[in-house]
Structures are given as C-alpha cells and as structure tokens.
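Dear colleague,

Here is the structure I said I would pass on. My notes on it follow below.

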Amino acid sequence: MKINLQDLEGRWYINQSNFPMWLKGNKANPTFNYTLQEKKGQKRLLDIVQYQQNGKTKSIKGYDTVLDANNRKFMWRGKGLLAMLTSKWEILHLAPDQSWAIIYFQKTLFTPNGYDVISRQKKLSLAQEQAIDTQLKQLNISTNLVTIQQSLLSEKHQ
C-alpha cells in the first residue's frame, strides 16, 4: 500500500528500538522530525533526529530520498559534515490512523541493522502496544525491542 509522504511530516517519538545509540543510556527523548521538500522535481524528506544529552538538545540532520513507488523505502544521507554517510531504511507498517509505525534500518559501516517503533505520541496506549505486538509477530520480527522512555517535559524542551 502506498504511503502519502505528507502523512510522515512532523514529529515522531521513538518508543521501542534495538538501535545501540538509544540503548546506551546517555541519550534521551529521541525523535524523528520530517519535513517534505522538493529538489529538482523530486520529493524528499528533511530528516532531523533530535535527542537530549547532558541536558542539551542535539540534532543529526539529513535527507531521505524515496527509493520505491510506494514511498516505503528510503535512502538517508547526512547533511553537512555527515554528507558522506548513508543509510537505507523502510517503513514495514504504518498504522491505519498513521499514529504509529514500524521501521527497519539496514546495517551500515557504523551501525547494525534493526527496528524502531515510532509514534505521534510520547507514550503508547495499551491498545497501540497490543496492535504493535500483533504486527511485530505478523512481520516475524522476533528481535527484542527495548522500550525507550520519553520524558514528560513540555514540548519546548524537546
């Protein structure tokens, strides 16, 4: 099923992951922030990853270029000093109401492959957690994903 790129715009909270960067414990409140852009007639997403470290907000900026007709597979390329780095990722499932998604990222020179569960809310409802568990089983994803705690600080601190 084709995904409308506009449905991806905005902030997504990382709720579950097996990505080492989020599991080390020194980074908190990770989010993906997507803004739809067009360059030379091709649509892409400005992709800003934000997190808290030592009381400060840090960012990693890049661009996601669509790789398939269904807008599910992407190539991330860093911006600025990170322009030499790339990573392929895909949306394995987007909830019908676009409130959560399961994404897969491929292994790179610097990172292992893995999964993230992202959502529009900081905290998932019980119904969402159950739907995600069901979907992970349907996708045969048996990897243990760790719950990422999102601070309940106000949005301006994010």
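How many helices and how many strands does the protein have? There are two helices and nine strands. Please keep in mind that this is a predicted model. In sequence order the elements run β-α-β-β-β-β-β-β-β-α-β.

Overall dimensions: along the principal axes, the C-alpha atoms fill a box of roughly 45 × 40 × 30 Å. The radius of gyration is 15 Å, which agrees with the value near 15 Å that a compact globule of 158 residues would have.

Burial and contacts: 45% of the 158 residues count as buried. If one takes the contacts between residues at least 6 apart in sequence, 47% of them join residues at least 24 apart.

Surface and charge: the accessible surface comes to about 9100 Å², and carbon and sulfur atoms account for 52% of that. The protein carries 22 positive side chains and 12 negative ones. The centres of these two sets lie 9 Å apart.

One residue I looked at separately is Gln53, which belongs to strand S3 (residues 42–53). Is Gln53 buried or exposed? Its relative accessible area is 16%, and the cut-off for buried is under 20%, so Gln53 counts as buried. Which residues does Gln53 contact, once its neighbours within four places in sequence are left aside? They are Asn26, Lys27 and Lys58.

Regards

Technical notes
Residues numbered from 1 in each chain as written. Predicted model: local features only at pLDDT ≥ 70, side-chain atom pairs only at ≥ 80, totals over all residues. Heavy atoms only, no water. Helix = DSSP H or I, 4+ residues; strand = E, 2+ residues; numbered from the N terminus. Rg over C-alpha atoms; globule rule 2.2 N^0.38 Å. Buried < 20%, exposed > 50% of the residue type's maximum accessible area, 1.4 Å probe, protein only. Contact = heavy atoms within 4.5 Å. Areas by Shrake-Rupley, 256 points an atom, 1.4 Å probe, with all protein chains shown as cover. Lys, Arg positive; Asp, Glu negative; His and termini not counted. Charge placed at Lys NZ, Arg CZ, Asp CG, Glu CD.
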